[in-house]
Amino acid sequence: LRHSAMVQGKDVGNWGCCLVVSMIITAPIVGVFVVKPVLRAANFREAICTNQRFEYAGKDEKCSCGEDCTSSYPCYRVFVDYVDQVRDVTHQNAYVVEHEQALVHQGKCTFTLDSTCSKPEFQNSEKVVNRLKENGYPFQTYNCYYDPDDLDVVIIKKKFALASGINGLFWPLLLFTIGCVMIAYRMREDGSCTRLSCIACPTSCPCTSSNRQRTETMTCGTTSQTVDIPRSEER
């Protein structure tokens, strides 16, 4: 039974380490590509946009079409007038971007092809032209969102709901905490504490160390372990 409990505790600890490491890797990605755009557009207000004109930005933009594959697409900018009838706000000649993620990470072109980029450039040109037909031709009217703190910043749509940003913060934090608890459980079962575990989860396993001659005592919670530390010979 003791051996079975030790094996179970080891498995729990391994799973805990996997959770902690995976959340350390995943959380920054989610934060950059989901949470940051959501926070950027959190206070945007809805309005009615009317296209006035579009123009070529003067150069093509690069896009990734897969591993070791780079292509490009024409960069067009659409300028709009918009009206917020609820708050009695009117603004003219604002440059519109497709959504909040493009606003944060690109922001140079109204339409981007980062997720639908093709290797043949003519296919990318066709995609941009189709986007212009949908939301870029003059005098087209549609709902849009503007920044009340900077009236020149406008997006056509919100790609992520506010709940996406909350989930992007909540779940990685929750899974990271669960991983730390599992690691702490493993260490309590083993009655040992390691520096690596303390560094990974300092709140779940408060460790202290003291060096006395050739030994080091490390305490974790209510358990302690004395480990002999070899030292190099004095020259």
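The following conversation asks how certain terms come to be applied to this predicted model.

Visitor: Why is the contact between Glu 55 and Arg 53 called a salt bridge?

Guide: A side-chain nitrogen of Arg must lie within 4 Å of a carboxyl oxygen of Asp or Glu. For Glu 55 and Arg 53 the N to O value is 2.9 Å, so the pair satisfies the definition.

Visitor: Are these two residues buried, exposed or partly exposed, and how do you know that?

Guide: Glu 55 has a relative accessible area of 32%, and Arg 53 has 34%. Buried requires under 20% and exposed requires over 50%; both values fall in between, and therefore Glu 55 and Arg 53 count as partly exposed.

Visitor: What makes Asp 84 and Arg 87 a salt bridge?

Guide: Their side chains meet at 3.2 Å, N to O, which is within the cut-off of 4 Å, so the name applies.

Visitor: Why is Asp 84 called buried, and what is Arg 87 called?

Guide: Asp 84 has 2% relative accessibility. Because buried means under 20%, Asp 84 counts as buried. Arg 87 has a relative accessible area of 42%; this lies between 20% and 50%, and therefore Arg 87 is partly exposed.

Visitor: How do you know that Arg 131 and Glu 98 form a salt bridge?

Guide: The N to O value for Arg 131 and Glu 98 is 3.0 Å, and the limit is 4 Å, so the pair qualifies. This pair links distant parts of the chain, 33 residues apart: Arg 131 belongs to helix α3, and Glu 98 to the loop between β3 and α2. Both Arg 131 and Glu 98 are buried. A search of the whole structure finds four salt bridges.

Visitor: What makes β1 and β4 paired strands?

Guide: Pairing requires at least two bridges. Six bridges join β1 to β4, so the two strands pair, and they run antiparallel. Arg 45, for example, stands opposite Tyr 146 in β4.

Visitor: How do you know that β3 and β5 pair, and in which sense do they run?

Guide: Three bridges join β3 to β5; at least two are needed, and therefore they count as paired. These strands run parallel. Val 97 has Ile 155 in β5 as its bridge partner.

Visitor: How many bridges does β2 make with β1 and with β3?

Guide: β1 and β2 pair over 14 bridges in the antiparallel sense, with Thr 50 and Asp 81 as one of the partnerships. β2 and β3 are also antiparallel, over six bridges, and there Val 78 stands opposite Val 96. The hairpin of β1 and β2 has two residues between the strands, and Asp 68 takes a positive phi near 55 degrees. The hairpin of β2 and β3 has four residues between them, and Asp 88 in the turn has a positive phi of about 55 degrees.

Visitor: Which residues touch the most other members of the largest nonpolar core, and why may they belong to a core at all?

Guide: They are Cys 49, Val 80, Tyr 82, Val 96, Tyr 142, Cys 144 and Val 154, out of 22 residues. Cys, Val and Tyr are among the residue kinds that a nonpolar core admits when buried, so these residues may be members. β1, β2, β3, α3 and β4 each supply at least two residues, and β2 gives the most, with five.

Visitor: Where is the other core?

Guide: Another core, of nine residues, lies apart from the largest one; its members include Phe 79, Val 97, Ala 102 and Leu 103.

Key
Residues are numbered from 1 along each chain as its sequence is written. This is a predicted model: local features need pLDDT of at least 70, side-chain atom pairs count only at pLDDT 80 or more; totals for chains, interfaces and linings use all residues. Side-chain values use heavy atoms; hydrogens and water are left out. A nonpolar core is a set of buried Ala, Val, Leu, Ile, Met, Phe, Trp, Tyr and Cys residues joined through side-chain atoms within 4.5 Å. Buried means under 20% relative accessible area, exposed over 50%, partly exposed in between (1.4 Å probe, protein chains only).
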